[in-house]
Each structure stands twice: as C-alpha cells, then as structure tokens.
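Student: I have just been handed this one and have never looked at it before. Could you walk me through its empty spaces, and then one of its helices?

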Amino acid sequence: MRKGPILLVDDEPVVLQVHAAAVKHFGFETIIAENAEEGIGYVRAYRPAMVISDVQMPGDGGFDFVANLERAGLKSMPVVFLTGYNDIDIVRGGLKAGGDDFIIKGGSIERLRNRIAFWMAGGFSELPSDVRRRALSEANAEVGDDIENVERHLELSQSTLEQIGDRIQAELEDMPSTYGKRLIERVCFLGRLSKVVLEESRGFGDLVRFPDYIIRVNQKLDLPWSKDLWPLLKRFDDWSCDTRFVLAGVEPLKQFFEYDWYVDGLE
C-alpha cells in the first residue's frame, strides 16, 4: 500500500468535493489544489502518493502541470487525468506529458474509486517509461485525429487477460514446485510475464493497462509467492533497464541455472 496523501487538482469546486469524497472512502488524506501552480507547490511540500488532475483548467492545464512536475524531478507517483473529452488527443497529450491513467468525466464514481484502489495498492509507482513510449507510439499511429469512445479502448480485455494467463501457466507447469521461492526466480518470472503482456497487447489501450494485466495475471495464477511480487513492481523501471531482466523475458520460463546469460555471462 502506497503511503501519503492524494492530491486533487481541479478548478471546479463541486468536482473537487465529489472526488474528495471518493478518496476519503478509502480513508486517505486529501489535498485540494484549484490550479496547476498551487498543485506544484503542494507536491513540493507534501510529496503526495498519487495525483488526480483535471486536464482542462484556466492557465496551465493538466498536461502542463504534469510536464512541469517531470521537468522539476517531482513526479514519482501515478497521475490520473480527468477529462470531459473522450478522444484520442487526450491520450496522446496525457502520455506525452507523463500521465499514467485516464478517466472520462460523467461516468460512475465507482470507476474513480477503482482506479484509486488500483494505484494505491497495486505496486506500480507509475506506468513504466518504456510502456508509456510504446503506448504513445501506438496512439500516434491511429488513423485520423479522433477515435470514438476512447474509454472503451482503455477497458481491460478479458480475452487478452486469459491468453496471457494461459501462456504463463503452461510454462509454469514445467517448473518444479519450489520455483519462485528464490528472489532471482521471481525477477525472471516478472521479466517473462512482462514480455508476454507486451506481445499480447493490441493497441494503445492494452499498453496503458499494462500494470493491470501484470497484477491481474499474477493474482489469477495465485502462486505461493504471488503476494511477494509487489516490491519488484515498485521498481519496475529499474529492472527493465537491466539487460539480464530483458533477456529473461525473451524465452519461456526455465530453472534459473539454465539461463544462458547466467551460465556464460553477458558479452
């Protein structure tokens, strides 16, 4: 569970109060900012565990706000963008600025609660940098300037989830019952699971939901050490920069001592 307050940034007082109620539903402390400049000051002062920001605001909008956090080295938390526009440009602009998630205004407050619960308890600190770049590339490649009902593209695909789970489960069946008890085996497992998720992803929506697929598949497998995977998720970007982590993902799971990069060393 992430610790710290949740910062809400929006210029509409009524919206702020509704969202504050959703945050307090989980017992988290809430900080409210009415504009981007105030939001940056609160991030410096309180280092919130999560930020929920409107996109359209007078002066600097939500994208400017988050981009400024990135430039100042202050973004170390997930940012969820709220918007009334259900189009692809919101995804493009949000990903480019450094956003991690999107919620279209006017929907059920339960959706916001679900995303708060996910990011506060899921393990990931942010959408992994490489995955964000891939998602932005896919969003930019979409034909035309608009895609109807972008929110639908961001929904988790049950068929994709099952395909990922089935592939990993089939590989685990060849592993001994002790597999995963060692930390290095969990690292290799996460590398392989990540690669399979990327291979099965179809478009920008699946890539934005990369953390969801990782966590849901891990929960579905219900391995004896599944709940111990979250410390690795918290530092996912660090792992993904390690060549050995990448190499562990390119071939089916095996016992640790059978990996070529372990036996022969890196060239």
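Tutor: We will go through the cavity, then the pockets, and then one helix, keeping in mind that this is a predicted model.

Student: OK, how many cavities of 30 Å³ or more are there?

Tutor: The count comes to 1 cavity of 30 Å³ or more, and the space in the largest cavity is about 30 Å³.

Student: And which residues line the largest cavity?

Tutor: Its lining is made up of Thr83, Tyr85, Asn86, Asp87, Ile90, Val91, Phe102, Ile104, Val150 and Leu154. Helix H4 (88-97) and strand E5 (101-104) each contribute at least two residues to that lining, and by class it divides into 7 nonpolar, 2 polar and 1 charged residues.

Student: Moving on to pockets, what volume does the largest pocket have?

Tutor: The largest pocket has a volume of about 560 Å³. Its lining consists of 24 residues, and those nearest the centre of the pocket are Ala121, Gly122, Gly123, Trp230 and Leu233. Two or more lining residues come from each of helix H5 (109-121), helix H11 (210-221) and helix H12 (230-234), while the classes in this lining are 12 nonpolar, 6 polar and 6 charged.

Student: What about the second largest pocket, which residues lie nearest its centre?

Tutor: Asp130, Arg134, Leu198, Phe245 and Val246 lie nearest the centre of the second largest pocket, out of 15 residues that line it. About 280 Å³ of space lies in this pocket, and its lining holds 8 nonpolar, 4 polar and 3 charged residues.

Student: Which helix gives the most to that lining?

Tutor: Helix H9 gives the most to the lining of the second largest pocket, with 4 residues. The elements that supply two or more residues there are helix H6 (129-141), helix H9 (183-200), helix H13 (236-240) and helix H14 (243-249).

Student: Back to H11, then: is it largely enclosed or largely open, and why?

Tutor: Helix H11 is largely enclosed by the rest of the structure, because 9 of its 12 residues are buried, which here means under 20% relative accessible area. The buried residues of H11 are Phe210, Pro211, Asp212, Tyr213, Ile214, Ile215, Val217, Asn218 and Leu221.

Student: How far does H11 reach, and what comes just after it?

Tutor: From its first C-alpha to its last, H11 reaches 17 Å with its 12 residues, which is close to the 16 Å expected at 1.5 Å a residue. Just after H11 comes Asp222, which takes a positive phi of about 50 degrees.

Technical notes:
Residues numbered from 1 in each chain as written. Predicted model: local features only at pLDDT ≥ 70, side-chain atom pairs only at ≥ 80, totals over all residues. Heavy atoms only, no water. 1 Å grid on protein atoms, 1.4 Å probe; cavity = no way out; pocket = protein on both sides within 12 Å on 5 of 7 lines; lining within 4 Å. Points joined across faces, edges and corners; volume = space filled by probe spheres on them. Nonpolar A, V, L, I, M, F, W, Y, C, P; charged D, E, K, R; others polar. Expected span 1.5 Å × (residues − 1). Buried < 20%, exposed > 50% of the residue type's maximum accessible area, 1.4 Å probe, protein only.
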